[in-house]
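Subject: Handover of a structure

Dear colleague,

I am passing the structure below on to you, and my notes on the two ligand sites follow it. Please read them alongside the coordinates.

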Amino acid sequence: MTETTQQRGPWWKHAVGYQIYPRSFADGNGDGVGDLPGIIGRLDHLADLGIGFIWLSPVYASPQRDNGYDISDYQAIHPEYGTLNDFETLVEEARARGIGIVMDLVVNHSSDEHAWFRAAAASREGPEHEYYIWRDGRPGGLPPTDRMAIFGGPAWTYVEAVDRWYLHTFSPGQPDLNWMNPGLRAEIFAMMNWWIERGIAGFRMDVIDLIGKDVDRDLFDEGPYIWDHLAEMAKATFHGRDLVTIGESWAVSRESIMRYIGEDGALDMMFHFDHVKLGWDTRFHKFKLREVTPLMLKREFIAWQTTLREEGWDALFLSNHDLPRQVSRYGDPGAHRVTSAKALATMLHMMRGTPFVYQGEEIGMTNFRASGIDQLRDVEVHGQYDQFMKAGLSHEEFMAGVNLNGRDNARTPMQWDDSEGAGFTSADPWLGLNPNHTELNVAADRRDPEGVFEYYRKLIALRGAHPVIAEGGFQAHLENHPAIFAFTRGHRAQRLSVMVNLTGEEQTFTVPDAMAGSGNCLISTHAPRRGLQGEITMAPWEAFALLR
Ligand code: GLC
Ligand code: CA
């Protein structure tokens, strides 16, 4: 291999991840719900894009109250999605295209329909009772504490048969597992090994910091036992195997990140959310937003990139199944939809870390507009509506918040073509399609050489071709500029200069000395630039990367 194509370090440092939300990706059997055969039928789309692995949101057996983040059997496939055979075919067919399958590990809680919970809620006697977190109520029929569930209502539900309350951090259908119980831990580790034996490429670990909680001291986020549990898990399962492990944590900070992913940490990288939470109001959670300026957003990225610039590794994302569409949130879904989609992608894919593409992002999909909550399916929206109305938010404010930031925005079905079911389904889709699928769809975008897909394909290929993109350090420039995100990446003699205009206005500014000079334009949303010198003007949402 030549100097420029030689790759060092583990495979996942050179790969791009792609998240599939199975319910909404492709419906293979015409029942309105996405499934595994549907995914298999669309693998060539992902191979063309050039991704290295798929993070598959949960496909396990589940009553689907939180679309699979409520698991009733960890070793079975949800019947609407297919069979274990289909899963094995998916692993093989993906592998044949150089794509690994990363499973979603949801072990902070199970479903209340899991056999463990049924036994646990029927009697205090069996071992399963201790697999969950039970406490006695307070006098007067009050729950053990005043803690609220993330999806609305109290975090405790009473079960008469055992005369106790169980803890559920999320909905009542998602009872928290008791990680203090060694029997439970052994069950989880055996289950993980069972999946590893099926040839998966790794795990994305749902709200993983919550497994370390100390309920009686009210320590939930990054609880005191997290480090022991993760170390034990690694040793019992993935340690020493060629797998990727990606934790999800809404609590991890720049101060704590290295405890997860440093030399003594168990994991490879973490999804962290400082940039997402920037606009959240504390009282009304995510349904009343504050303005997030480009400067706020870029500062958050600079801070994290700086923390992880030598040691450590970042998981880079703007979108996922819990977040609004990135073009709607940070870009311009109107006149500059295509250009702003490309600009945001350039920013993300040129930073240090493993970038993740959420389904539909590669064609610049946008939020949809619901007029009432009956058009929404998300357990979070339905669970919080009454509570927020009581707390003083108006219906109109709530709907405005949901349309900006609700999770259903990311979950409307994938838009494959302009047909009635958008190429997603031949039936009625489980959640309404975005009406813009008649123009905004994979077929139309891929026909356009200036389309979003082609740009993503190029960005992803560049990562494989130039080690500086994956391995280079990170240095920010023009740090206080309100619109321009400028940074350099350095690796051996190579230097990559990246500039992104994060606004819909033209920007004129002086190139900082450290970025001046001529170079080879690797990618650009506009006419390629040959060099950077003196005063330059960037067009609305212009972005480029120069290598020298
Ligand atoms: C994570 C998931 C989210 C889910 C929650 C509970 O944040 O990404 O979709 O609702 O955990 O499992
Ligand atoms: Ca189906």
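Which pocket is the space taken by ligand 1? In this model, which is predicted, the space that ligand 1 takes is the largest pocket.

There are 14 residues around ligand 1, and those that come nearest are Asp66, His109, Asp206, His321 and Asp322. By residue class, the shell around ligand 1 is made up of seven charged, five nonpolar and two polar residues. Several polar side-chain atoms can be placed against the oxygen atoms of this ligand: an N or O atom in the side chain of Asp322 is 2.5 Å from an oxygen atom of ligand 1, while Glu248 has a polar side-chain atom 3.0 Å from an oxygen atom of ligand 1, and for Arg407 the distance from a polar side-chain atom to an oxygen atom of the ligand is likewise 3.0 Å. Taken on its own, ligand 1 has 310 Å² of accessible area, of which the protein covers 97%.

The other site is that of the calcium ion (ligand 2), whose protein donors, lying 2.3 Å from it, are Asp27 (OD), Asn29 (OD1), Asp31 (OD), Val33 (O) and Asp35 (OD). Along the chain, these donors follow the spacing D-x1-N-x1-D-x1-V-x1-D. As for accessibility, Asn29 counts as exposed because its relative accessibility of 52% is over 50%, whereas Asp31, with a relative accessible area of 35%, is partly exposed.

Best regards

How values were computed:
Residues are numbered from 1 along each chain as its sequence is written. Chains are lettered from A and ligands numbered from 1 in the order in which they are written. This is a predicted model: local features need pLDDT of at least 70, side-chain atom pairs count only at pLDDT 80 or more; totals for chains, interfaces and linings use all residues. Side-chain values use heavy atoms; hydrogens and water are left out. Donors are N, O and S atoms within 2.8 Å of the metal (3.2 Å for Na, K and Ca); water is not among the atoms, so sites may look incomplete. Buried means under 20% relative accessible area, exposed over 50%, partly exposed in between (1.4 Å probe, protein chains only). A residue is near a molecule or strand if one of its heavy atoms lies within 4 Å of it. A polar contact is a pair of N or O atoms within 3.5 Å; within protein, one must be able to donate a hydrogen and the other to accept it, and residues adjacent in sequence count only if both atoms are side-chain atoms. Accessible areas come from the Shrake-Rupley method with a 1.4 Å probe; for residues, only the protein chains shown count as cover. On a 1 Å grid over the protein atoms alone, a cavity is a set of points where a 1.4 Å probe fits but cannot get out, and a pocket is an open set with protein on both sides within 12 Å along at least five of seven lines; lining residues have an atom within 4 Å of a point. A molecule sits in a cavity or pocket if more than half of its atoms lie within 2 Å of its grid points. Ala, Val, Leu, Ile, Met, Phe, Trp, Tyr, Cys and Pro count as nonpolar, Asp, Glu, Lys and Arg as charged, and the others, Gly among them, as polar.
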